[in-house]
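Trainee: I have a new structure open and want to learn how to read it. Where do we start?

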Amino acid sequence: MIKLNNISRSFIGDEVETVAIDDMSLTIKKGEFLSILGPSGCGKSTLLNVLGMLDHIDQGQFTFLKNNIGQSTESQRAQLRKQHIGFIFQSFNLIDELTVEQNIELPLYYHKVAKAERKRLVDEILHRVDIAHRRNHLPAKLSGGQQQRVAIARAIVTQPDLILADEPTGNLDSKNSIQVMELLQQLNQEGSTIVMVTHAPEHVDYGTRVIELLDGNICKDKQITSEIKLTTVEVTCA
Ligand code: ADP
Ligand code: MG
C-alpha cells in the first residue's frame with residue numbers, strides 16, 4: 001500500500017535546520033496495524049503527516065497505492081486523501097458547533113452521499129462506536145473517551161483503506177484508552193490498514209507490527225506475534 005524510499009524532511013527556522021525525517025525507507029502492506037514509538041521530537045508526527053499527504057518530503061520517493069506522490073498535483077493528493085484516508089488526532093479535532101451526528105455526517109457531504117444513505121451510514125456507525133445515545137449532543141458535553149469515539153466514527157464513516165492515528169489515546173485515561181484500542185484492533189481485523197503513533201508501549205500489542213524511531217530514522221522494526229503479545233515490548237534503541 002505504501003512505499004517510502006530514502007525520504008527526508010527538514011524544517012528551517014531561525015537559521016537552524018531540523019532534520020525531522022532522515023533518509024528513511026519503509027514499506028507498509030495492506031492489512032497491517034503498525035504502531036510507531038519513539039521519544040518526543042524523533043519525527044513520528046512528521047512521518048504520519050507525510051503518509052497522510054498533509055506534508056511533503058524534500059527527498060526520496062513516496063508511493064501510495066501505486067501513485068507516485070512526489071509527481072502528483074495538490075488536487076490529486078486531495079482526492080487520494082479523501083478517497084482512501086481517515087485521520088484520528090490526539091485532540092479529537094471535532095467541530096464544536098456541530099452535534100455528534102453532524103460531525104460524523106460531515107465527510108459524507110464531501111463525498112456527495114445522498115441524504116438517505118448518509119442517515120443510514122451515520123446510524124450504523126453511531127451504534128458501532130457505542131455513542132448513539134449521545135447523537136444530539138455537542139462535543140463539549142461528552143467525555144474525552146466519547147469524543148474520541150466520535151472522531152473515530154468520523155474517520156471511518158467513509159470506509160477508508162488507511163487510518164492514520166496520531167497518539168489517539170494521548171488525552172484519555174486507561175479505561176477509555178483500552179476501549180479506543182479495542183475499537184482500532186477490530187477495525188484492523190475487519191480489513192483496515194492502520195498506522196498509529198503512540199506514547200504507550202503497551203498499546204503495540206493491539207497491532208501487528210511496531211517500529212521505533214530515533215532522530216528521524218527507524219531503529220527497530222518488529223512483527224507482533226501472539227507469543228510477543230501480552231509481554232512488554234522493549235522500547236530502548238540498541
Ligand atoms: P514527534 O511527533 O516524534 O514528537 P515531530 O515529527 O513533531 O516529532 O517533530 C520532529 C522534529 O521536527 C522536531 O525537532 C520538531 O521540532 C521539528 N518540527 C516538526 N514540525 C515542524 C515545523 N512545522 N516547523 C519547524 N520544525 C518542526
Ligand atoms: Mg508528535
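Mentor: We will take the sheet, then the helices, then the ligand. Keep in mind that this is a predicted model.

Trainee: How many strands does the open sheet have, and in what order?

Mentor: Read a sheet from one side to the other. Here six strands form an open sheet in the order β6-β7-β8-β3-β9-β10, and the pairing is mixed.

Trainee: Which are the edge strands?

Mentor: Look for strands that pair on one side only. These are β6 (85–89) and β10 (217–223). From one strand to the next, the twist averages 15°.

Trainee: Do side chains follow a rule in a sheet?

Mentor: In a regular strand, side chains alternate between the two faces of the sheet.

Trainee: Do β3 and β9 run parallel or antiparallel?

Mentor: Compare strand directions, then count bridges. Strand β3 (residues 33–37) runs parallel to strand β9 (residues 209–214), and four bridges join them. Across this pair, I36 faces I211 in β9.

Trainee: In what sense do β9 and β10 pair?

Mentor: Antiparallel, over six bridges. L213 has I218 in β10 as its bridge partner. The two strands, β9 and β10, make a hairpin with two residues between them. Check the turn as well: D215 there has a positive phi of about 50°.

Trainee: Which strands does helix α6 lie across?

Mentor: Find the strands under the helix, then take an angle. Helix α6 (residues 174–189) lies across β3, β7 (162–166) and β8 (193–197). Against β8, α6 runs at about 150°.

Trainee: At what angle do the axes of α3 and α4 cross?

Mentor: Use axes for a helix pair. Those of α3 (residues 100–110) and α4 (residues 115–128) cross at roughly 130° and come within 10 Å. That angle is why α3 counts as oblique to α4. The crossing of α3 past α4 is right-handed.

Trainee: Which residues make the contact?

Mentor: From α3 come E101, I104, E105 and L108. From α4 come R118, L121, V122, I125 and L126. Sort them by class: six are nonpolar, three are charged and none is polar.

Trainee: Which residues are around ligand 1?

Mentor: List the shell, then ask what it belongs to. Ligand 1 is surrounded by F11, G13, T18, A20, G38, S40, G41, C42, G43, K44, S45 and T46. The elements giving two or more residues are β1 (2–13), β2 (16–28) and α1 (44–51). The largest share, three residues, is from α1.

Trainee: And the shell by class?

Mentor: Around ligand 1, three residues are nonpolar, eight are polar and one is charged.

Methods. Residues numbered from 1 in each chain as written. Chains lettered and ligands numbered in written order. Predicted model: local features only at pLDDT ≥ 70, side-chain atom pairs only at ≥ 80, totals over all residues. Near = placed C-beta within 6 Å. Nonpolar A, V, L, I, M, F, W, Y, C, P; charged D, E, K, R; others polar. Pairing = 2+ DSSP bridges. Axes fitted to C-alpha atoms, helices over the stretch in contact; angles between N-to-C directions. Contact = placed C-beta atoms within 7 Å. Parallel < 35°, antiparallel > 145°, perpendicular 65-115°, else oblique. Left-handed = near helix turned anticlockwise from the far one by under 90°.
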